[in-house]
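These are notes for a colleague who wants to go through the model point by point. The order is pockets first, then the helix beside them, then charged pairs and backbone.

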Amino acid sequence: TAHTVEVSLPVKTPVASSRFRSPNDPTWEVTKRLLIQDTPGHGKLRHYAMDSLNKSQNLHGIIFVVDAADLSSEASEGARQAAEYLHDVLLQLQKRATNSKSSRAPKEMPVLIAANKLDLFTALPAPLVKSTLESEITKLRKSLSAGLLDSGVGAKDLDAAEEQDWLGDVGDGPFDFSQLQEFNVQVKILGGNVTGVDGSDVKQWWDWIGSIM
């Protein structure tokens with residue numbers, strides 16, 4: 001199940017809210033704390049993540065962890081499963097924006113795709129993680145579109161149905177994470193590793209967290 005933990009931001013990590021402060025300001029040394037809610041990635045338990053997206057009022061960002069060593073062509077099933085889950089998370093964020101009853105622009109929602117295990121020789125670097133996931137989501141969109149037609153949705157009704165459950169730009173073109181900027185969803189892909197022979201390397205992830213605080 002989902003669980004929440006309180007963590008401390010490393011003291012030397014830059015924080016967006018402190019960018020105008022002097023380096024000599026003593027508040028730089030004050031520990032910044034934040035709550036992180038961890039939700040299961042197993043297919044049968046992903047509804048916990050979706051429930052959190054729908055109910056959380058103080059959500060400042062999302063970290064989607066992928067196994068970069070499981071996204072290579074030799075393990076395409078891992079890429080497909082990761083892309084399916086990511087597709088559903090991003091679509092939920094898109095719907096939050098499109099279904100908003102407010103006339104104001106939707107609140108910006110930063111999303112970090114944390115490419116883990118980059119210390120392994122078989123791991124894809126962050127740029128290839130990005131292109132692999134975008135390619136898999138493109139395939140998924142085509143499959144979902146074909147499924148709508150097979151389900152008996154009329155051609156004249158297809159556009160309306162697609163727009164509601166279509167991630168990014170509607171059409172046959174390839175998917176790109178930048179398409180979500182229209183909905184104030186900002187996606188970034190950064191590499192790192194939680195464990196490893198030489199220890200962990202998650203500085204880029206902490207820096208990203210600091211950038212949204």
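1. A pocket is an open set of points on a 1 Å grid over the protein atoms alone, with protein on both sides within 12 Å along at least five of seven lines. A volume is the space filled by probe spheres set on the points. By that reckoning the second largest pocket holds about 310 Å³ of space. The model is a predicted one, and the values below should be read with that in mind.

2. Which residues lie closest to the centre of the second largest pocket? They are Arg96, Ala97, Pro106, Lys107 and Met109, out of 15 lining residues. Helix 1 and helix 2 each supply at least two residues of this lining. Helix 2 gives the most, with three residues. By class, the lining of the second largest pocket divides into eight nonpolar, five polar and two charged residues.

3. The largest pocket has a volume of about 1500 Å³. Its lining counts 43 residues, and the closest to the centre are Ile36, Gln37, Asp38, Ile62 and Ile63. At least two lining residues come from each of strand 1, strand 2, helix 1, strand 3, helix 2 and helix 5. For anyone setting up the chemistry of this lining, the classes are 26 nonpolar, 12 polar and five charged residues.

4. Helix 5 spans residues 203–211. Which of its residues are buried? Trp205, Trp208, Ile209 and Gly210 are. The cover over the buried residues of helix 5 includes strand 1 (3–9), strand 2 (32–38), strand 3, strand 4 and strand 5 (185–191). Helix 5 is also among the elements that supply at least two residues to the lining of the largest pocket.

5. Helix 5 also carries a salt bridge between Lys203 and Asp207, with the closest N and O atoms 2.7 Å apart. The two residues are four places apart in the helix, about one helical turn. An α-helix has 3.6 residues a turn, so residues three or four places apart point the same way. Lys203 is exposed, at 55% relative accessible area, and Asp207 is partly exposed, at 25%. Elsewhere, salt bridges that share partners join Glu77, Arg80 and Glu84 into one network.

6. The structure holds eight salt bridges. One of them pairs the side chains of Asp67 and Lys117, at 3.1 Å from N to O. Asp67 lies in strand 3 (residues 62–67) and Lys117 in the loop between strand 4 (109–116) and helix 3 (126–150), so this pair ties together parts that are 50 residues apart in sequence. Asp67 counts as partly exposed at 26% relative accessibility, and Lys117 likewise counts as partly exposed, at 35%.

7. Another salt bridge joins the side chains of Glu136 and Lys139, at 3.4 Å from N to O. Both residues lie in helix 3, three residues apart, or about one turn of the helix. Is Glu136 buried or exposed? Glu136 is buried, with a relative accessible area of 14%.

8. Helix 3 also contains Thr132. Why does Thr132 count as buried? Its relative accessible area is 18%, and the cut-off for buried is under 20%. Leaving aside residues up to four places away in sequence, Thr132 touches Leu71, Ala79 and Leu124.

9. Two backbone entries deserve a check. Most residues other than glycine have a negative phi, and most peptide bonds are trans. Lys117 is not a glycine, yet has a positive phi of about 70°. Lys117 is the loop residue already listed as the salt-bridge partner of Asp67.

10. The other entry is Asn184, also not a glycine, with a positive phi of about 60°. Where does Asn184 sit? Asn184 is in the loop between helix 4 (155–165) and strand 5. At 22% relative accessibility, Asn184 counts as partly exposed.

Definitions and conventions: Residues are numbered from 1 along each chain as its sequence is written. This is a predicted model: local features need pLDDT of at least 70, side-chain atom pairs count only at pLDDT 80 or more; totals for chains, interfaces and linings use all residues. Side-chain values use heavy atoms; hydrogens and water are left out. A salt bridge is a side-chain nitrogen of Lys or Arg within 4 Å of a carboxyl oxygen of Asp or Glu. Buried means under 20% relative accessible area, exposed over 50%, partly exposed in between (1.4 Å probe, protein chains only). Contact means heavy atoms within 4.5 Å. On a 1 Å grid over the protein atoms alone, a cavity is a set of points where a 1.4 Å probe fits but cannot get out, and a pocket is an open set with protein on both sides within 12 Å along at least five of seven lines; lining residues have an atom within 4 Å of a point. Ala, Val, Leu, Ile, Met, Phe, Trp, Tyr, Cys and Pro count as nonpolar, Asp, Glu, Lys and Arg as charged, and the others, Gly among them, as polar.
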